[in-house]
Amino acid sequence: MGPPGSMPAESSKHYMNSQELASYLKESLCIFDLTAKTKRDALAEMVEAISAEHNIKDKDIILEMLLNRESLGSTAIGKGVAFPHGRTLAIRDLSIVFARSAAGIDCDAVDKKPTHLFFLIIAPPQDKDNLYLQVLGRMIDIIKDKSTRTEILNASGFSELQAIVGRES
């Protein structure tokens, strides 16, 4: 940011860092003990959290959008991680729901293994600076590291999760 009244730097060239990503995590949108046993129920449980946070009455719209996205191909990328995501008019600001399933859920992952970590990313159709893609890209970068995935799987709570995600590699 420059002095007041100056033009901001061209934002399309900005690359989100880990600290910025961690700032999008909210304790109220973290489910450390997902009770769902199926992909649909896991999505519904995460949609419930986001609907309560944003006071969304028609949460079925969001769930339907996510299920439609999943029908195009699973967002479970393997290694126990899934990134369900989509855009909807039902939300005004980008939100991330983190959820963890100790038992794991079959989400049609490419490696056929159960999914334990979910990062649900929801954004409005038009979002400033295309934050949606920046968040998704940065999250995928962080999760590539096996030790980071293990740390997230074992995180004892929100502050630990935020510290892991916010750590620069």
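**Close-up views of a predicted model**

F119 is buried, with a relative accessible area of 0%. The model shown in these views is predicted.

**View 1. F83 and F119 form a stacked aromatic pair.** The ring centres of F83 and F119 lie 5.6 Å apart. Their planes differ by 20 degrees. F83 sits in the loop between β3 (81-82) and β4 (85-87). F119 belongs to strand β6 (residues 115-123). The two residues are 36 apart, so this pair links distant parts of the chain. F83 is buried too, at a relative accessible area of 2%.

**View 2. F98 and F119 form a tilted pair.** Here the centres are 5.3 Å apart. The planes meet at 50 degrees, between the 30 that bounds stacked and the 60 that bounds edge-to-face, so the pair counts as tilted. F98 lies in strand β5 (residues 95-105), and F119 in strand β6. They are 21 residues apart, and the pair again links distant parts of the chain. Both residues are buried.

**View 3. Ring pairs join four phenylalanines into a cluster.** The members are F32, F83, F98 and F119. The structure holds 3 aromatic pairs, including F83 with F119 and F98 with F119.

**View 4. C30 and C107 stand without a disulfide.** A search of the whole structure finds 0 disulfides. For C30, the nearest cysteine sulfur is that of C107, 18 Å away. A disulfide needs the sulfurs within 2.5 Å. C30 counts as buried because its relative accessibility is 14%, under the 20% cut-off. C107 is buried as well, with a relative accessible area of 2%.

Note on methods: Residues numbered from 1 in each chain as written. Predicted model: local features only at pLDDT ≥ 70, side-chain atom pairs only at ≥ 80, totals over all residues. Heavy atoms only, no water. Buried < 20%, exposed > 50% of the residue type's maximum accessible area, 1.4 Å probe, protein only. Phe/Tyr/Trp six-rings, centres within 6.5 Å; stacked < 30°, edge-to-face > 60°. Helix = DSSP H or I, 4+ residues; strand = E, 2+ residues; numbered from the N terminus.
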